[in-house]
Amino acid sequence: MSEGLYYVPDGQPLEAALSRTTHLAVGAHPDDVEIMAHHGIAACYRDSAQWFCAVVMTCGGASPRSGRYAGLSDAQMAVVRQAEQRRAAVLGRYGALVQFDYASADLRVAPAGPAAAELADLIARCRPQVVYTHSPFDEHPTHVAVCRAVLAAIAGLPAELRPRRVLGCEVWGSLDWLERRVELDCSAEPDLAARLLEVFASQIEGGKRYGLATVARRRANATFARAREVDRCEQLGFAIDLSAVAAGRLSREKLARDCLDDFRQSRLAPLLKNE
C-alpha cells in the first residue's frame with residue numbers, strides 16, 4: 001500500500017476535515033482533479049456547508065518536461081508536482097488533499113488491489129455525497145485503472161457508506177459522443193478555474209497547455225451540446241454516471257457495451273434511413 005500524505009489547508013484536525021467532505025474527486029495525477037472536477041470545486045468554494053476533498057493517486061513524476069524543468073529527475077519532478085497540487089488545494093479552498101504515491105504500473109496491473117482497499121477506507125471516513133473520477137472510456141490506461149479502483153472501493157463498502165452519485169469525467173478524450181451523458185454546469189467561478197490550472201506551471205512549461213485546452217473543451221461542450229437550442233451555460237463538462245456500477249447493480253462491461261451500442265445505433269440510423 002502507498003502511505004498517503006494528508007494536507008488540510010485550513011488547519012482543521014484530519015478526521016474532522018475528512019468527515020465534512022461532501023464532494024470527493026479521485027484523479028490519477030496532479031492536476032487531473034482540477035481538469036475533471038471543477039463542478040465540485042466550484043460548488044464548495046463559497047459554501048461553508050459543502051467541502052471538496054481531492055485525492056491524487058500517483059506523484060506524476062514521469063510527466064513530460066522542458067524549460068526550467070528539463071533537467072529534473074523523476075523524483076525531483078514529483079516533489080514539484082506535489083507542491084503544485086498543494087497550492088491548488090489552498091487556492092481552491094479544498095477541505096482536504098490526499099496525495100498517494102502509487103506507481104502507474106501497479107495501478108494498471110491491480111486496480112482492485114491495495115489502492116482500492118485504501119480508497120475504500122478513505123471514502124468511508126469522508127462519506128461524500130458525490131464522487132468524481134475518470135471516465136472508463138478515458139484514453140489514458142492509468143486513468144482507467146483509477147476509475148476501476150474507485151468502483152471496486154465503493155462496491156466493497158456497506159450500502160450506507162456509499163456515495164449517492166459516482167461520476168466518470170473527461171480528461172483524455174471527450175464524452176460528447178455519449179448518448180446517456182451527464183451534463184455538469186462548470187460556469188461558476190471561471191477565474192478560479194483558470195487560476196487553478198495555471199498553478200501547474202511544470203505542465204504548462206512542459207508544453208502541455210492544459211488550462212487553455214480544458215476551458216476550451218468546456219466552452220465547446222456548452223455550444224455544441226444541442227444543435228437547435230441556445231447555449232444553456234458558458235462552460236459544460238460531460239460525465240458518465242457510474243453509480244449503478246459502484247453499487248453493484250450493473251457490471252462495467254454491461255455499461256460500456258450499452259453505451260457503445262447506443263452510439264452505434266444513433267449514428268447508423270440516419271445513414272440507413274429509408275433503405
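Buried, for today, means under 20% relative accessible area. With that in hand, one note before I start: this is a predicted model.

Let me begin with helix α6, residues 114-126. Its 13 residues reach 18 Å from the first C-alpha to the last, close to the 18 Å expected at 1.5 Å a residue. Which residues of α6 are buried? They are Ala115, Ala116, Glu118, Leu119, Ala120, Leu122, Ile123 and Cys126. Please note Glu118 in that list, along with the alanines, leucines, isoleucine and cysteine. Just after α6 comes Arg127, with a positive phi near 50°.

Now the overall fold. The protein has 12 helices and eight strands. Its radius of gyration is 18 Å, close to the 19 Å from the globule rule for 275 residues, so the protein is as compact as a globular protein of that length. The C-alpha trace spans about 65 × 45 × 40 Å along the principal axes. Of the 275 residues, 49% count as buried. As for contacts with a separation of 6 or more, 76% of them are between residues 24 or more positions apart. The exposed area is about 12700 Å², and carbon and sulfur atoms supply 52% of that.

Next, the interior. In soluble globular proteins, nonpolar side chains tend to be buried together. Here the largest nonpolar core has 46 residues. Val26, Cys53, Val55, Met57 and Leu119 have the most contacts inside it. Leu119 is one of the buried residues of α6 that I listed earlier. The largest share of this core, however, comes from helix α7, residues 141-155, with eight residues. What does Cys53 touch, leaving out residues up to four places away in sequence? Its partners are Leu18, Thr21, His23, Leu24, Ala25, Ala96, Val98 and Cys126; Cys126 belongs to α6. Another core, of 30 residues, lies apart from the 46-residue one. Ile41, Cys44, Val130 and Leu184 are among its members.

That leaves the cysteines. How many disulfides does the structure hold? Zero. Why is Cys147 not bonded to Cys169? Cys169 has the closest cysteine sulfur, but the distance from the sulfur of Cys147 is 9.7 Å, too far for a bond. The cut-off for a disulfide is a pair of cysteine sulfur atoms within 2.5 Å. Cys233 is in no disulfide either, and its nearest cysteine sulfur, in Cys186, is 7.9 Å away. Buried or exposed, then, for Cys147? Cys147 counts as buried, at 2% relative accessibility. Cys233 counts as buried as well, at 15%.

Notes:
Residues numbered from 1 in each chain as written. Predicted model: local features only at pLDDT ≥ 70, side-chain atom pairs only at ≥ 80, totals over all residues. Heavy atoms only, no water. Buried < 20%, exposed > 50% of the residue type's maximum accessible area, 1.4 Å probe, protein only. Helix = DSSP H or I, 4+ residues; strand = E, 2+ residues; numbered from the N terminus. Expected span 1.5 Å × (residues − 1). Rg over C-alpha atoms; globule rule 2.2 N^0.38 Å. Contact = heavy atoms within 4.5 Å. Areas by Shrake-Rupley, 256 points an atom, 1.4 Å probe, with all protein chains shown as cover. Core = buried A, V, L, I, M, F, W, Y, C linked by side-chain atoms within 4.5 Å.
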